[in-house]
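Okay, thanks for making time, everyone. I'll put the structure up and then walk you through what I noticed.

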Amino acid sequence: MPNHGTSLFAHVGSRSAAGSVASLDGPWRAIIDPYQTGYIGLTGEPTPRGWFRDFKPRTERDRIEYDFDRSMVLQVPGDWNTQHPELHYYEGTLWYRKKFTVSDPEAGRTFVHFGAVNHTCRVYLDGEELAFHQGGFGPFAVELTGRLSPGDHSLILMVDAMRTPDRVPAMRTDWFNFGGAHRSVSLVRVPDTFITSAWLTMDRDGRVVGQIECDGPNADAAEATITIAELGVQLSVPTGQRFTIAEEALGDVERWHPGRPTLYDVTFSIDGDQVTEPVGFRTLEVHGTDIVVNGEPVFLKGISLHAEGPSGGRRAAGPDDAATLLQWAQDLGANFVRLGHYQHDEAMVAEADRRGLLVWAELPVYWGIDWTNPETLENALEQTDELVLRDRCRASVALWSVANETLPGEDRTNFLRSLIDRVRELDDTRLITAALFTLPGQGIETHIDDPLGPFVDVIGVNQYYGWYYGDRDDIPNLKWSSDFNKPIIFSELGAGAKAGHHGSPTQIWTEEFQAAVYDAQIAMIANQPDCAGLSPWILKDFRTPLRALPGIQDGYNRKGLVSEEGERKLAFETLAAWYRTL
Ligand code: GCU
């Protein structure tokens, strides 16, 4: 089902006007509803008396068979799986309720903004359904204007984490299907005409480009002002269309560079509204098989991450998790992070901006997708909008990835080309990539000829020589070639090890085994001229239902360079030592 009643709202944290953002984070009441009793009546149709009405008995005879006030409490933001033992593997329907009080009469417009809810979310206010959103990792907003008279209000969400073949992602992922409102929820007050998306960046030719989108009665007439106080810059620009500012108009702007991040507070304002975003100015392009930033080839010393917090095996959220995880990446010597396999928290990308880390951002178009289903494509496009419009202002974002390990085929390639077209339409200043699937058993020489190759700027290659296939001793001599004369990033490589488990390098699951695979992979990459970088899989062990070996995996993928509690393994230093030489 397509999203309805939702809008894309790219700025919450950057709204500084007093009283413009009220957090709804904290305790919410919740009811587990595996049979959707709160939504479906006896006839099997949606019932008008569903739990979203938040009814209370009015007489001693009233039969109401639910009560939010006496149900469990869930903290938002947070996955539900790690908050209550009975929810650990739960993937069904769960109701959230937050009561809040409005004290002053409405002024302007009010939206409720969700950082992300996995996977589908129906939004009700005071018993009325306002919106439906699907997609577990992107932001969305729902307008409440005109419904917030002074007094108490009941915001109810019907959330469903059930995996279905037509979803994005679909039935199987090598990550845990954490359900629920795992990112922040806010009430955002804006004027009648307000800025929905403000973008400023530098394109590959050094031109400063951007676009400001507004919504409201005066959106079309709106003229915008861009102010960069530090540069003494104040410029008028049109709204609703792409604009270009000559770089000299910014004076001696200092470039944002990996490792040397310079950010300028840019205030975008229209009559009555303004947002301020930190912006870094840098050029990003491909020269043959090199990735070039500000005219210099950069080797991407990377690491991959899932959005799991530094401990506890839970969904990551907020600036503290982001700072810890990206500090670990920088301790490794990384200048690049692959935020796999879906859109990470806004705080993560903002932190990468501040730390000067280049980012590979990604859509959860992962493994088997229903390539021929129009609604699946429509939702993938909606998730593409959420990914690009939220973060195209972030200097750290260098690569938009449209897929991970999807088997080549005509329907798949057409589907992915639609996503690529949408990304380029929204942002043609960044590089487009995908993590391609290299079929094992091709021997020493691997020729990459994925039909998607002509349509991406950078070729991502996932390969697990020395773990899933191939002889570790062959790895240093492996050769990779492609028809595309484009940069290759080894977007995944690695091996598993249980932290603290030691033995010979030939003994699987030992830290020594993992480190030996890294030694061999490093030797291979050193001999691979058109390799522009790597993002080994993965920084930290992470939860997944696919990994069941007792005493070793216990529900975790063990390819992390640190354990799920942050203990470093030998391979961490193996990689860090090499990165230090580059
Ligand atoms: C695949 C996949 C990852 C997975 C990894 C693994 O390449 O992209 O999501 O976790 O391999 O097998 O560990």
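Walking through the model

So, Phe437 sits in strand 26, which covers residues 431-437. Before I go on, keep in mind that this is a predicted model. Back to Phe437: its relative accessible area is 32%, which makes it partly exposed. Phe437 also belongs to a nonpolar surface patch, along with Leu407 and Leu439, and the three together have about 280 Å² of accessible area.

There's a charged patch too. Which residues form the negative surface patch? They are Glu230, Asp252, Glu254 and Asp265. If you want to find Glu254, look in the loop that runs between strand 16 (242-245) and strand 17 (264-270). Glu254 comes out as partly exposed, at a relative accessible area of 49%. The cut-off for exposed is over 50%, so that value is still in the middle class.

While we're on Glu230, here's a distance to help you get oriented. From Glu375 to Glu230 you go 145 residues in sequence and 46 Å in space, C-alpha to C-alpha. Glu375 itself is in helix 3, residues 374-391, and it's partly exposed, with 41% relative accessible area.

Now helix 2, which I spent some time on. Is helix 2 largely enclosed or largely open? Eight of its 10 residues, in the stretch 346-355, are buried, so the rest of the structure largely encloses it. The buried set includes a run from Ala347 through Met348, Val349 and Ala350. Charged residues are in there as well: Glu351, Asp353 and Arg355 are among the buried ones. Have a look at both ends, too. At the start, Asp345 points a side-chain oxygen to within 2.8 Å of the backbone nitrogen of Ala347. After the helix comes Gly356, with a positive phi near 70°.

Okay, salt bridges. How many are there? The count comes to 38, and I'll show you just a few. Start with Arg63 and Glu65, whose side chains meet at 2.5 Å, N to O. Arg63 is exposed at 61% relative accessibility, and Glu65 is exposed too, at 62%.

Next is Asp67 with Arg70, where the closest N and O atoms are 3.1 Å apart. Here the partners are split: Asp67 counts as buried at 19%, while Arg70 counts as exposed at 73%. For Asp67, buried means under 20%, so it's just inside that class. Both residues also take part in a salt-bridge network that links Asp54, Lys56, Asp67, Asp69, Arg70, Arg97 and Lys99.

The last pair is Arg338 and Glu362, with 2.9 Å between the closest N and O atoms. Arg338 is in strand 23 (336-339) and Glu362 is in strand 24 (358-362), so this pair ties together parts that are 24 residues apart in sequence. Arg338 and Glu362 are both buried.

Let me finish with the backbone. As a reminder, most peptide bonds are trans, and most residues other than glycine have a negative phi. So where are the cis bonds I'd like you to look at? One joins Asn118 and His119, with omega about 15°. His119 is in the loop between strand 6 (109-114) and strand 7 (120-125). Another goes from Trp537 to Ile538, with omega near 20°, and Ile538 is in the loop between strand 31 (531-534) and strand 32 (542-543).

Then there are two non-glycine residues with positive phi. Asp126 has a phi of about 50° and belongs to the loop between strand 7 and strand 8 (128-134). Asp126 is partly exposed, at 40% relative accessibility. Glu405 also has a positive phi of about 50°, and you'll find it in the loop between strand 25 (397-404) and helix 4 (410-426). Glu405, though, counts as buried, at 12%.

One more loop before I stop: Leu478, between strand 28 (458-462) and strand 29 (479-482). Leu478 is buried, with 1% relative accessibility. From Leu478 to Arg15 is 51 Å, C-alpha to C-alpha, with their positions 463 residues apart in sequence. That's what I have, so let's talk.

Terms used:
Residues are numbered from 1 along each chain as its sequence is written. This is a predicted model: local features need pLDDT of at least 70, side-chain atom pairs count only at pLDDT 80 or more; totals for chains, interfaces and linings use all residues. Side-chain values use heavy atoms; hydrogens and water are left out. Buried means under 20% relative accessible area, exposed over 50%, partly exposed in between (1.4 Å probe, protein chains only). Helices (H or I, at least four residues) and strands (E, at least two) are DSSP runs, numbered from the N terminus. A polar contact is a pair of N or O atoms within 3.5 Å; within protein, one must be able to donate a hydrogen and the other to accept it, and residues adjacent in sequence count only if both atoms are side-chain atoms. Patches are made of residues with over 30% relative accessible area and no salt bridge: like charges are joined within 9 Å, nonpolar side chains (Val, Leu, Ile, Met, Phe, Trp, Tyr) within 5 Å. Accessible areas come from the Shrake-Rupley method with a 1.4 Å probe; for residues, only the protein chains shown count as cover. A salt bridge is a side-chain nitrogen of Lys or Arg within 4 Å of a carboxyl oxygen of Asp or Glu. Lys and Arg count as positive and Asp and Glu as negative; His and the chain ends are not counted. The place of a charge is taken as NZ of Lys, CZ of Arg, CG of Asp or CD of Glu.
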